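User: Please take one part of this structure and describe it closely. Then set it against the other parts worth a look, in one connected account.

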Amino acid sequence: MRLAVLGGDGFIGWPTTLHLSARGHEVHIIDNLSRRWIDTELGVQSLTPMDSIQERTRIWHQETGRRIHFHLIDLARDYEVMKRWLADHRPDAVIHFAEQRAAPYSMKSDRHKNYTVNNNVNASHNLLNALVELDLDAHLVHLGTMGVYGYSNVGAAIPEGYLSVGVETLDGETVSQDILYPANPGSIYHMTKCLDQLLFQFYAKNDGVRITDLHQGIVWGTHTDETRVHLQLINRFDYDGDYGTVLNRFLIQAAIGHPLTVHGTGGQTRAFIHIQDSVRCIELALMNPPKRGDKVKIFNQMTETHRVRDLARIVSELTGAQVAHLPNPRKEAVENDLVVRNDQFLALGLQPITLQDGLLSEVIDVARKYAYRVDRSRIPAMSAWTKDIAPTLERDPEGKRLKSVS
């Protein structure tokens, strides 16, 4: 297939691009390289050294003989440029990662909130609009988030996208209807993913766009089979307080002798998936598209759930690292349970990689290898969800600890 990977230079986009290229697809990356500019803005870099996208694709061609094409386009701003590219290339499928993906970054300031909404919502709508205008029947695969469901204690497993409800008619009878699971975003970033759901629902119903939405959990790990091909193909590894996911942050903290920073009680339960499973799920979704006229196909792209304090305990037992409980910058429940259905990917043959499979030690090795690149002052999470939370967070000059000053 001819595939367009929007945001193919990013944390999930890059290994997905390699994975699909290795399977013989013609792959085109479309990216505005904004994630690299955000590194510059924040004054932090990936723990793992990253070459330019041009060098990365050159190395891939050198090692495999397969060519990945790169196109510098801003999907949220350059609608006509993107539309013209789609008209010229007419891909069989479009994989959409081109959104600002960090909840803490989306909550840093009013400017960051505006950027996240403008970038993410415009990107999704511009793409849908262009597909319809061009009468291009390309399967759209979108990387969403488990965060659209929120983290509440409802006492039942979260279904895959849709909730069956009984509606009482005027005659007093009860009829069954499937609705989108009630949205409950926990940040501006998560809110944009909820808005994506409504855009997808409309365009699937109104124009017959074939759409798969993947509600993904927190991704852990660094390597996939393809990134191991050559040292310069390594994926990015974010450890900072804005972009570093909780497990990867724990692992780099352990590698440099920094306490594991657990926010609040650590009773927040999150869904997780290894990066190798993530790219495999995207391939499975591509190979099993909905039909034209179908409602949006939704998968829960996760393999296990854990409480944050339990993750800290696992990493502490592996590495000997200490655990520090710090003020929570987020506005969320102190404790929550999370039970998630993921039957569809399991039925399609996914064999999940779990934390118990021993790959944590592999990630620890990566963290230790590149620990010299760590800027300790960037480790603490400093983006507060509300103005009343912000004063409770303070970082010392070397970023070695956080303390409550309220």
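Analyst: A residue is called buried under 20% relative accessible area, exposed over 50%, and partly exposed in between, using a 1.4 Å probe and protein chains only. The model is predicted, so local features need pLDDT of at least 70 and side-chain atom pairs count only at pLDDT 80 or more, while totals for chains, interfaces and linings use all residues. Residues are numbered from 1 along each chain as its sequence is written, and side-chain values use heavy atoms, with hydrogens and water left out.

The part chosen is an open sheet of three strands in the order β9-β11-β13, with mixed pairing. Helices (H or I, at least four residues) and strands (E, at least two) are DSSP runs numbered from the N terminus, and two strands pair if DSSP finds at least two bridges between them. The edges of the sheet are β9 (218–220) and β13 (304–307), each of which pairs on one side only. From one strand to the next, the twist averages 45°. Strand β11 (residues 269–274) runs antiparallel to β13, and four bridges join them. One residue pair can be named here: F272 has E304 in β13 as its bridge partner.

Helix α9 (residues 275–287) lies across β9 and β11 and runs at about 75° to β11. Axes are lines fitted to C-alpha atoms, for helices over the stretch in contact (heavy atoms within 4.5 Å), and angles run from 0 to 180 degrees between N-to-C directions. The expected span of a helix is 1.5 Å times one less than its number of residues. For the 13 residues of α9 this gives 18 Å, and the end C-alpha atoms are 19 Å apart, which agrees. Eleven of those 13 residues are buried, so the helix is largely enclosed by the rest of the structure. Among them are the charged-letter entries D277 and E283, along with I275, V279, C281 and L286.

C281 is buried because its relative accessibility is 0%. Another cysteine, C194, also counts as buried, at 8%. A disulfide is a pair of cysteine sulfur atoms within 2.5 Å, and by this rule the count comes to zero.

On the approach to β11, T265 lies in the loop between β10 (260–263) and β11. T265 counts as partly exposed because its relative accessibility is 33%. Leaving aside residues up to four places away in sequence, T265 touches R309, H325, V334 and E335. T265 and P327 are 62 residues apart in sequence, yet 9.0 Å apart in space, C-alpha to C-alpha.

Another strand to set beside this sheet is β5 (139–145). Seven of its seven residues are buried. H139, V141, L143 and T145 are buried on one side of β5, and L140, H142 and G144 on the other. β5 pairs in the parallel sense with β4 over four bridges, and H142 in β5 is the bridge partner of H96. β5 also pairs in the parallel sense with strand β8 (residues 211–216), over six bridges; there, L140 has I211 as its bridge partner.

Aromatic rings give further links. Rings of Phe, Tyr and Trp (its six-membered ring) pair if their centres lie within 6.5 Å; planes under 30 degrees apart count as stacked, over 60 as edge-to-face and the rest as tilted. Four such pairs are found in the whole structure. Y149 and Y181 have ring centres 5.2 Å apart and planes at 90°, so they are edge-to-face. Y149 sits in the loop between β5 and β6 (162–168), and Y181, 32 residues apart from it, in the loop between β7 (174–180) and α7 (188–207). Y149 is buried at 3% relative accessible area, and Y181 at 11%. The rings of F299 and F345 are stacked, because their centres are 4.4 Å apart and their planes at 20°. F299 is in strand β12 (residues 297–301) and F345 in helix α11 (residues 343–347), so this pair ties together parts 46 residues apart in sequence. Both F299 and F345 are buried.

Two backbone angles close the account. Most residues other than glycine have a negative phi. L33 has a positive phi near 60°; L33 lies in the loop between β2 (26–31) and α2 (34–42) and is buried at 18%. R90 has a positive phi of about 40°; R90 lies in the loop between α4 (79–89) and β4 (93–96) and is partly exposed at 38%.
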